[in-house]
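Trainee: I would like to look closely at a single topic, the pairing of strands. Please take me through it slowly, as I am new to reading structures.

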Amino acid sequence: MELKIRNLSKTYANGVVALDRVTLNIPAGMFGLLGPNGAGKSTLMRILATLQECDSGSVFLDDIDVLDEKDAVRRMLGYLPQDFGVYPKVTAYELLDHFAQLKGLSHKGRRREVVDGLLQQVNLWEVRNQRLGGFSGGMRQRFGIAQALLGDPRLIIVDEPTAGLDPQERVRFHNLLSDIGEDKTVILSTHIVSDVADLCANMAIIHKGHVLLCGDPQELTYEIEDYIWARIVTKQELPMFQKRHQVISTRLLTGRTLIHVYSESDPGDGFEPARASLEDVYFATIAGRFNAAAGDC
Ligand SMILES: Nc1ncnc2c1ncn2[C@@H]1O[C@H](COP(=O)(O)OP(=O)(O)OP(=O)(O)O)[C@@H](O)[C@H]1O
């Protein structure tokens, strides 16, 4: 199954251009859509989930015209929105059972099987009779995945699911997503680079409504490897280095600052070749320095 997005554009009534001729191919498996706040990720996710209209462009899910055949898309779609709210006073079991009825699972025995199975899959079986209001952020997000999986969707869209989760909950959530991702198309929108580095076989970076880069995260990291240089500087030295070099990231390291710069040749000034990571790819791309695969998305 492949999702083909062509020249998708959306301008809001206030004049903000959220998407500007976005073109992307999204194959089966886990796909990461990475971009800073305001990049246009949620707008794109909502259009793909048939919840919002675009101005122009086309989207095809294999043969299905996503912008036109909304009912067909909805039958094979699972969606976890960024602001997924739950009713605090009902239990996990009751709410999932309710969503299952809305999805058309009218046969009681069959519904019970599906709801039981999903609660086990997302590891909420033990707490199924507890009220959702008492759930942690991670538990709530896992519940969100359970409802997105109702009806056995082939396309799953999750919008910024790990924001606000603690590291342990994030790992748990990653494991859950990677299990699902094996035989479906999962689009994960996020501004957290490690979500994509840990999980996704393919990715795109979106910024100010434009797709800047796409490809395999490991290959992209490999491509940038020779251009990333590091050194430690003091707080006072930092502005000088920022003036003289293309600094793409700064990180505090026991009171001092580790900086990474992008340079196609040895930048001198005491820099050493650094081991590149997807974070370097991300920051260099956002800074307009790296566009290895632009145009091939
Ligand atoms: N309903 C709306 N009306 C006007 N502008 C909007 C609307 N929704 C989003 N925008 C603007 O469109 C741009 C893209 O927003 P969008 O929510 O798609 O980005 P995002 O990448 O998902 O960011 P975030 O992580 O902050 O949600 C932003 O500048 C945002 O302020």
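Mentor: Two strands are said to pair if DSSP finds at least two bridges between them. Please keep in mind throughout that this is a predicted model.

We may begin with strand β9 (residues 202-207) and strand β10 (residues 210-215), which are joined by five bridges and pair in the antiparallel sense. One such position to find on the screen is H207, which stands opposite H210 in β10. The two strands form a hairpin, and two residues lie between them. In that turn, K208 has a positive phi of about 50°.

A second hairpin is made by β1 and β2, with five residues between the strands. Here G15 is the residue to inspect, as G15 takes a positive phi near 95°. Strand β1 (residues 3-11) runs antiparallel to β2, and six bridges join them. Two bridge partners may be traced by eye: I5 has L24 as its partner in β2, and K10 has L19 as its partner in β2.

Strand β1 also pairs with β4, again in the antiparallel sense, over five bridges. On this side, the bridge partner of K4 is F60 in β4. These pairings belong to an open sheet of four strands, whose order is β2-β1-β4-β5 and whose pairing is antiparallel. At the edges of this sheet stand β2 (17-26) and β5 (64-65); each has a single partner strand, so one side of each is left without a neighbour in the sheet. Helix α1 lies across β1, β2 and β4 (56-61), and runs at about 60° to β2.

Helix α1 also leads us to the ligand. Of the shell around the ligand, the largest share, three residues, comes from helix α1 (residues 41-48). The ligand is surrounded by 14 residues, and Y12, N37, K41, S42 and T43 are the closest. Sorted by class, the shell contains eight polar, four nonpolar and two charged residues.

Let us turn to another open sheet, also of four strands. Its order is β12-β13-β11-β14, and the pairing is antiparallel. The edge strands, β12 (247-253) and β14 (272-273), each pair on one side only. Within the sheet, strand β11 (residues 228-233) and strand β13 (residues 256-262) run antiparallel and are joined by six bridges. Here I232 stands opposite L258 in β13. A helix packs on this sheet as well: α10 (residues 278-286) touches β11, β12 and β13, and its direction makes about 130° with that of β12.

Finally, we may place these parts within the chain, which has 10 helices and 14 strands. According to the unreviewed UniProt entry, the annotation "domain: ABC transporter" covers residues 3-233. The span of residues 3-233 is 35% helix and 29% strand, and its end C-alpha atoms lie 45 Å apart. Along the principal axes, the C-alpha atoms of the chain fill a box of roughly 70 × 45 × 35 Å. The radius of gyration of the chain is 21 Å, which agrees with the value near 19 Å that a compact globule of 297 residues would have.

Conventions:
Residues are numbered from 1 along each chain as its sequence is written. This is a predicted model: local features need pLDDT of at least 70, side-chain atom pairs count only at pLDDT 80 or more; totals for chains, interfaces and linings use all residues. A residue is near a molecule or strand if its C-beta atom, placed from the backbone, lies within 6 Å of it. Ala, Val, Leu, Ile, Met, Phe, Trp, Tyr, Cys and Pro count as nonpolar, Asp, Glu, Lys and Arg as charged, and the others, Gly among them, as polar. UniProt positions are given in the numbering used here, feature names are shortened, and annotations may be inferred rather than shown by experiment. Two residues are in contact if their C-beta atoms, placed from the backbone, lie within 7 Å. Axes are lines fitted to C-alpha atoms, for helices over the stretch in contact, and angles run from 0 to 180 degrees between N-to-C directions. The radius of gyration is taken over C-alpha atoms; the globule rule is 2.2 Å times the number of residues to the power 0.38.
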